[in-house]
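Let's take a friendly walk through this structure, one topic at a time. Have the viewer ready as you read.

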Amino acid sequence: MMLSPEQTDSDLPWSQSDAETMLNDIKVGCITDEPMEGEGKMRSLAPQTLSREEKRRRRRATAKYRSAHATRERIRVEAFNVAFAELRKLLPTLPPDKKLSKIEILRLAICYISYLNHVLDV
């Protein structure tokens, strides 16, 4: 219902408190556990029990969790890269400061270990 410029809120057939009462009645009607007309199901706004997977998804969706996970991942990757750097220092290459990829470091380490085993067996 639209108000005309001459009409005020007090001219309306209901007051603000009546509207609030009506809204509360509607809310209470939605929360009741009684079946709705024409429906055999119960409607409730009470919190439902969530499955373990759903709880996990909701917890992982928080910014705090994502930030902590990103920090842990950065630390893990950094430790991984440090381990590769240490392994790289132990491998003989020409030139000694040649930049190698991670897969090249692993392959070279395999070859070097095989060579050392061969030298020890002879």
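## Salt bridges in helix α2

Arg58 pairs with Glu54 in a salt bridge, with 3.3 Å between the closest N and O atoms. Both residues belong to helix α2, where four positions, or about one turn of the helix, separate them. Keep in mind that all of this comes from a predicted model. Glu54 has a relative accessibility of 26%, so it falls between the cut-offs of 20% for buried and 50% for exposed and counts as partly exposed.

Glu53 takes part in two such pairings. With Arg56, the side chains meet at 2.9 Å, N to O; with Arg57, the N to O distance is 4.0 Å. The 4.0 Å value is worth a look if you apply your own cut-off, because a salt bridge here is a nitrogen of Lys or Arg within 4 Å of a carboxyl oxygen. Sequence spacing helps to place the partners: Glu53 and Arg56 are three residues apart in helix α2, which spans residues 52-60, so about one helical turn separates them. Arg57 and Glu53 are four residues apart in that helix, and so they too are separated by about one helical turn.

Are Glu53 and Arg56 buried, exposed or partly exposed? Glu53 is partly exposed, with a relative accessible area of 36%, and Arg56 is also partly exposed, at 26%. Taken together, Glu53, Glu54, Arg56, Arg57 and Arg58 are linked in a network of salt bridges. A search of the whole structure finds five salt bridges. As general background, side chains of opposite charge can pair when their charged atoms come close.

## An aromatic pair in helix α3

How many aromatic pairs does a search of the whole structure find? The search returns one. Phe80 and Phe84 form this pair, with 5.0 Å from centre to centre and 70 degrees between the planes. The arrangement is edge-to-face, because the angle passes the cut-off of 60 degrees for that class.

Both rings sit on helix α3, four residues apart, which is about one turn of the helix. Their surroundings are described by two values: Phe80 is partly exposed at 40% relative accessibility, whereas Phe84 is buried, with a relative accessible area of 12%.

## From helix α3 to helix α4

Phe84 also has a partner further along the chain. Leu106, a residue of helix α4, touches Phe84 and Leu87, leaving aside residues up to four places away in sequence. Leu106 and Phe84 are 22 residues apart in sequence, while their C-alpha atoms are 8.6 Å apart in space. Leu106 itself is partly exposed, with a relative accessible area of 38%.

The loop between α3 (63-90) and α4 contains Pro95. A cis peptide bond joins Leu94 and Pro95, with omega at about -10 degrees. You may want to check how your setup tool treats that bond.## A nonpolar patch on helix α4

Which residues make a nonpolar surface patch of about 270 Å²? Tyr115, Leu116 and Val119 do. Val119 lies in helix α4, which covers residues 102-121, and counts as partly exposed at 42% relative accessibility.

## The chain as a whole

The protein chain has four helices and zero strands, so read from the N terminus the order of elements is α-α-α-α. Of its 122 residues, 7% count as buried. The accessible surface comes to about 11,200 Å², and carbon and sulfur atoms account for 60% of that area. Among contacts between residues at least 6 apart in sequence, 0% join residues at least 24 apart.

## Confidence along the chain

The average pLDDT of the protein chain is 77, and 61% of the residues score at least 70. Among the elements, helix α4 has the highest mean pLDDT, 96, while helix α1 (residues 16-31) has the lowest, 52. Over residues 12-16 the pLDDT stays under 50, and the model has five contacts beyond four places in sequence for this stretch.

Definitions and conventions. Residues are numbered from 1 along each chain as its sequence is written. This is a predicted model: local features need pLDDT of at least 70, side-chain atom pairs count only at pLDDT 80 or more; totals for chains, interfaces and linings use all residues. Side-chain values use heavy atoms; hydrogens and water are left out. Helices (H or I, at least four residues) and strands (E, at least two) are DSSP runs, numbered from the N terminus. Buried means under 20% relative accessible area, exposed over 50%, partly exposed in between (1.4 Å probe, protein chains only). Contact means heavy atoms within 4.5 Å. Accessible areas come from the Shrake-Rupley method with a 1.4 Å probe; for residues, only the protein chains shown count as cover. Patches are made of residues with over 30% relative accessible area and no salt bridge: like charges are joined within 9 Å, nonpolar side chains (Val, Leu, Ile, Met, Phe, Trp, Tyr) within 5 Å. pLDDT is the predictor's confidence in each residue, from 0 to 100. Rings of Phe, Tyr and Trp (its six-membered ring) pair if their centres lie within 6.5 Å; planes under 30 degrees apart count as stacked, over 60 as edge-to-face and the rest as tilted.
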